[in-house]
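User: I am new to this structure. Can you show me how to read it, feature by feature?

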Amino acid sequence: ATALAELGAEVTLVSGPTGLNAPAGVIRIDVESALEMQAATRAALPADIAVLSAAVADWRVDTVAGGKIKKGPGGPPTLALIENPDILAGIAAPGPDRPALVIGFAAETSDLEANARAKLSRKGCDWIVANDVSDEVFGADGNAVLLISAEGTETWPRQSKIAVARTLAARIADHFKDPA
Ligand code: C5P
């Protein structure tokens, strides 16, 4: 969001709970659940570009207790889970509100390019930023990513995460100057 705002984009950031301040010049919508994130993301449309980088939980509990679940003779409760909607696949689906460029992320621990390319086609997005998270990504400042699209695969050298974001924002700006 910071990198896109720096290039002059009007940015709406839909964010889960965080201790970070909203970046300057960005409208931040705070959400707590996947369903709230989906609704807020849809409400932010129409937009030219959607960048979906959240690590959304695959599952949520089916029934939310109204209060504390007390210990009892039945032992620990069983939590029934149901699947969360895929926000990215929904935004990337054809329709009048589909942004011209929809970008997703993939965190993989093996077969990075093949798995990320399969995700690109399964979710219907235009680009995927693929990270190998098996080593030195979570909690580290640097990242080495692939940018995967129908045109091919770009390998970006390891750089700080804000530098990855600025490289992506510059790549997006280039795309709109000269659509591939
Ligand atoms: O399927 P996976 O979680 O690996 O896909 C990652 C991509 O899909 C990310 O861009 C993430 O933000 C998006 N995603 C989503 N909704 C979900 C799960 C993932 O938008 N329920």
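Analyst: We will take one residue, then one helix, then the ligand. Keep in mind that this is a predicted model.

User: Let us begin with T41. Which helix holds T41?

Analyst: T41 is found in helix α2, which runs over residues 34-43.

User: Is T41 buried or exposed?

Analyst: Look at relative accessibility. Buried means under 20%. T41 has 14%, so T41 counts as buried.

User: What does T41 touch, leaving out residues up to four places away in sequence?

Analyst: With those set aside, T41 touches V14, L52, I87 and I91. There is also a polar contact to note. The T41 side chain reaches the backbone oxygen of M37, at 2.6 Å.

User: Now helix α4. What length should α4 span, at 1.5 Å a residue?

Analyst: Expected span is 1.5 Å times one less than the number of residues. Helix α4 covers residues 112-123, which is 12 residues, so 16 Å should be spanned. The end C-alpha atoms of α4 are 16 Å apart, which agrees.

User: Which residues of α4 are buried?

Analyst: They are L112, A116, K119 and L120. These buried residues cover an arc of only 105° around the axis, so they sit on the same side of α4.

User: Which residues are exposed on the other side of α4?

Analyst: There, A114, S121 and R122 are exposed.

User: What covers the buried residues of α4?

Analyst: The cover includes three strands: β6 (101-108), β7 (127-132) and β9 (145-149).

User: What phi does G124 take, just after α4?

Analyst: G124 takes a positive phi there, about 75°.

User: On to the ligand. Which residues surround the ligand?

Analyst: Start with the shell, the residues that have a heavy atom within 4 Å. Here the shell holds L52, S53, A54, V56, P85, D86, I87, L88, G104, F105, K119 and K123. Two of these names, L52 and I87, came up as residues that T41 touches. K119 came up among the buried residues of α4.

User: Where do oxygen atoms of the ligand meet polar atoms of L52, A54 and K123?

Analyst: Look for N or O pairs within 3.5 Å. A ligand oxygen lies 2.6 Å from a polar backbone atom of L52. For A54, a polar backbone atom is 2.6 Å from a ligand oxygen. With K123 the partner is a side-chain N or O atom, 2.9 Å from an oxygen of the ligand.

User: How much of the ligand does the protein bury?

Analyst: Compare the ligand alone with the ligand in place. Alone, the ligand exposes 450 Å², and the protein buries 84% of that.

User: Which elements give two or more residues to the shell?

Analyst: They are α3 (87-92), β6 and α4.

Definitions and conventions
Residues numbered from 1 in each chain as written. Predicted model: local features only at pLDDT ≥ 70, side-chain atom pairs only at ≥ 80, totals over all residues. Heavy atoms only, no water. Helix = DSSP H or I, 4+ residues; strand = E, 2+ residues; numbered from the N terminus. Buried < 20%, exposed > 50% of the residue type's maximum accessible area, 1.4 Å probe, protein only. Polar contact = N/O pair within 3.5 Å; in protein donor to acceptor, adjacent residues only side chain to side chain. Contact = heavy atoms within 4.5 Å. Arc of directions from axis to C-beta. Areas by Shrake-Rupley, 256 points an atom, 1.4 Å probe, with all protein chains shown as cover.
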